[in-house]
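Work through the exercises below with the sequence and the model open side by side. Each task is followed by a solution that goes step by step.

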Amino acid sequence: MLLRIFLSLLIFSSSLFSCSLKDFDIEVISPSSGVSQTLWNKISRIIGKDLTGPMGTSEDQVFVDEIAKFQKLDKSLKSDHRIIWALRGGYGIDKIMCRVSSSDYSKTRKKIIIGYSDLTPLMLHLYQKYGWIAINAPMLRDFAFGDKSEKTYQTIVDLLKGKIKNLKFSDLKALNNKVRNVSGKIIGGNLNCIISTIGTPWQIETKGKIILIEDTQIAGYHLDRLLTHMKNAGLFDQAIAIVFGDFGKDVSKILRRFASKIEIPVFKSNSFGHEKANLPFVYGADSSITFSNNGAVLEMKPK
């Protein structure tokens with residue numbers, strides 16, 4: 001037992017060491033849930049500077065001081081840092097998105113913003129309105145916990161270092177009979193958070209896009225309800241294709257049933273989501289899906 005614990009700690013430490021973020025100019029944002037001070041300390045060591053910030057759970061965000069939270073985020077968004085990286089997801093960003101949307105970042109240095117899950121609305125807004133580079137990828141809490149695959153961490157680090165010119169998801173499986181080779185730009189994120197943008201100034205723009213969608217531990221009927229709402233809102237009408245990521249449980253029957261009612265190609269991939277594998281994808285990346293008898297490959301060319 002002690003040997004197993006030692007080995008797991010050794011693997012965890014090695015993972016963090018090989019994926020050190022100290023060489024990057026990172027501003028940490030925490031507009032969603034907080035973490036413990038112990039975790040803040042771990043993240044501080046990973047990026048090489050002292051950090052502190054909100055602690056607590058998603059439930060605490062219901063009672064948070066929204067003005068203070070926005071002011072802190074606004075300062076970070078207007079900073080000179082090149083990379084804005086989210087601490088974690090959870091809940092909270094929706095409570096301040098109206099203030100973000102009402103603010104002007106057109107004269108602010110364009111940045112790279114990294115996150116997923118609850119950060120989806122903020123990333124969509126900054127990409128769609130200001131052309132910021134938005135990367136759906138592990139957050140700093142994930143690095144501290146080491147609960148994603150080594151490939152996931154290394155891919156995002158290599159991407160930021162400019163070592164990767166093409167990102168590939170090679171495990172796509174067709175879910176309907178509309179499959180064909182397609183090309184377009186990437187958009188997407190967490191399904192619940194995408195739904196929260198509908199009817200807002202930061203609503204997801206899907207025309208001409210390949211939409212990547214994931215979520216975690218979602219009930220089958222709820223998944224169908226959310227996808228049906230996206231369909232009823234017209235968000236699939238002019239899209240090029242849909243790629244479903246990991247949902248944390250087997251929802252294949254729901255996805256196939258839904259795909260059968262859609263007039264565009266629909267695929268399933270386990271390359272991104274809340275589980276062990278969460279390979280990055282970049283909003284607006286020129287992308288193509290190439291189909292063959294052996295399956296399909298999504299290839300993205302991030303700017």
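**Exercise 1. Locate Gln217 and Ser117, and describe their backbone and surroundings.**

Begin with Gln217, which is found in the loop between strand 7 (209–214) and helix 9, where helices (H or I, at least four residues) and strands (E, at least two) are DSSP runs numbered from the N terminus. Although Gln217 is not a glycine, its phi is positive, at about 50°. The model is a predicted one, in which local features need pLDDT of at least 70 and side-chain atom pairs count only at pLDDT 80 or more, while totals for chains, interfaces and linings use all residues. Residues are numbered from 1 along each chain as its sequence is written, and side-chain values use heavy atoms, with hydrogens and water left out.

Next, turn to Ser117, which lies in the loop between strand 3 (112–115) and helix 5 (120–130). Its phi is near 55°, again a positive value in a residue other than glycine. With a relative accessible area of 11%, Ser117 is buried, a term that means under 20%, whereas exposed means over 50% and partly exposed in between (1.4 Å probe, protein chains only).

**Exercise 2. Describe how helix 9 and helix 10 pack.**

First, take the geometry: the axes of helix 9 (residues 220–232) and helix 10 (residues 252–259) come within 9 Å and cross at roughly 25°. Axes here are lines fitted to C-alpha atoms, for helices over the stretch in contact, with angles from 0 to 180 degrees between N-to-C directions. The two helices are therefore roughly parallel to each other, since angles under 35 degrees count as roughly parallel, over 145 as roughly antiparallel, 65 to 115 as roughly perpendicular and the rest as oblique.

Then list the residues: Gly220, Leu223, Asp224, Leu227, Thr228 and Lys231 of helix 9 meet Ile254, Leu255 and Phe258 of helix 10, contact meaning heavy atoms within 4.5 Å.

**Exercise 3. Why is Cys193 not bonded to Cys98?**

Start from the criterion, by which a disulfide is a pair of cysteine sulfur atoms within 2.5 Å. The closest cysteine sulfur to that of Cys193 is in Cys98, 15 Å away, which is too far for a bond. Finally, compare their surroundings: Cys193 is buried at a relative accessible area of 10%, whereas Cys98 counts as exposed at 55%.

**Exercise 4. Find what surrounds Ile96.**

Place Ile96 in the loop between strand 2 (83–86) and helix 4 (97–102), where it is buried, with a relative accessible area of 0%. Leaving aside neighbours within four places in sequence, Ile96 is in contact with Pro31, Glu66, Lys69, Phe70 and Leu73.
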